[in-house]
Amino acid sequence: MTDTTLDASGATCGCKVGRVADRYGLVGLDDELVSYWTDRTDERYSTRDLAEHVNQRVLESALDDAGLQYKDGEVENTYRLLTSDDVSSGTRVQTRKELERDGIDVEDVQGDFVSHQTVYNHLTNCLEASLESPSDEERLERSRDKLGALRNRTAAVTEDTVDQLQRSDVLDIGEFNVLVTVSVTCEDCKQQYTIRDLLDQGGCDCQSTTE
Ligand SMILES: [Zn+2]
Ligand SMILES: [Zn+2]
């Protein structure tokens, strides 16, 4: 187990991801991990998505080794049945039983599943991959999403609160609407913007030197 020389399958490292890729013959896994992780579109995988991807390939390979036939989507579904919190323990036990009947050592296979932290370490330490910092537009987009969600939450909580007070006769109001507006004032020129406008236009008018 201490042999660290590269073998024919091209294991790149001795971490759990490398060992698992080696054991199950997961060809091209490292390339997949790096490209899915560093993808700059919405399709980009989080390390959680990547761990799931690795584990599904492990499961797929175990099914292959046992000579099982499976349809499109069946590996993903089996993985979900084995691991998801949304699945009842009865269903999980049933799934394990079926796999074991088909000659798969589920305990063993699950022991080879990797965590998102392990994948992250493999990417950054073993493969020396790094995420490019997001573009300005991506950062604005993410901020918009984050603040939009916060605004919706504030509106929902406000509505609930007014509703409750009204129902217990502490507050009198007719039908009502809640509108949450967050504004930002530039102290240089005292101009006020809604946060949405400010993000959309990318700064205060007074700061734009060139156009
Ligand atoms: Zn590694
Ligand atoms: Zn200004």
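This tour visits a zinc site and then an aromatic pair. The model is predicted, so local features need pLDDT of at least 70, side-chain atom pairs count only at pLDDT 80 or more, and totals for chains, interfaces and linings use all residues. Residues are numbered from 1 along each chain as its sequence is written, chains are lettered from A and ligands numbered from 1 in the order in which they are written, and side-chain values use heavy atoms, with hydrogens and water left out.

**The zinc ion**

Select ligand 1, the zinc ion, and then its protein donors: Cys13 (SG), Cys15 (SG), His122 (ND1) and Cys126 (SG), which lie 2.0 to 2.3 Å from the ion. Donors are N, O and S atoms within 2.8 Å of the metal (3.2 Å for Na, K and Ca); water is not among the atoms, so sites may look incomplete. Angles of 104 to 116° among the four donor atoms make the site tetrahedral (all angles between 85 and 135 degrees). Along the sequence, the donor residues follow the spacing C-x1-C-x106-H-x3-C.

Next, display Cys15 and Cys126 together. Cys15 lies in the segment before helix 1 (16-24) and Cys126 in helix 7 (residues 116-126), so the pair ties together parts 111 residues apart in sequence. Helices are DSSP runs (H or I, at least four residues), numbered from the N terminus. Cys15, at 21% relative accessibility, is partly exposed, and Cys126 is partly exposed at 30% (partly exposed is between buried, under 20% relative accessible area, and exposed, over 50%; 1.4 Å probe, protein chains only).

**An aromatic pair**

Finally, select Tyr79 and Phe113, whose ring centres are 5.3 Å apart with planes at 65°, so the pair is edge-to-face (centres within 6.5 Å, planes over 60 degrees apart). Tyr79 is buried at 9%, and Phe113 is buried at 11%.

Key. Tetrahedral: all angles 85-135°; square planar, octahedral: opposite > 155°, others 65-115°. Helix = DSSP H or I, 4+ residues; strand = E, 2+ residues; numbered from the N terminus. Phe/Tyr/Trp six-rings, centres within 6.5 Å; stacked < 30°, edge-to-face > 60°.
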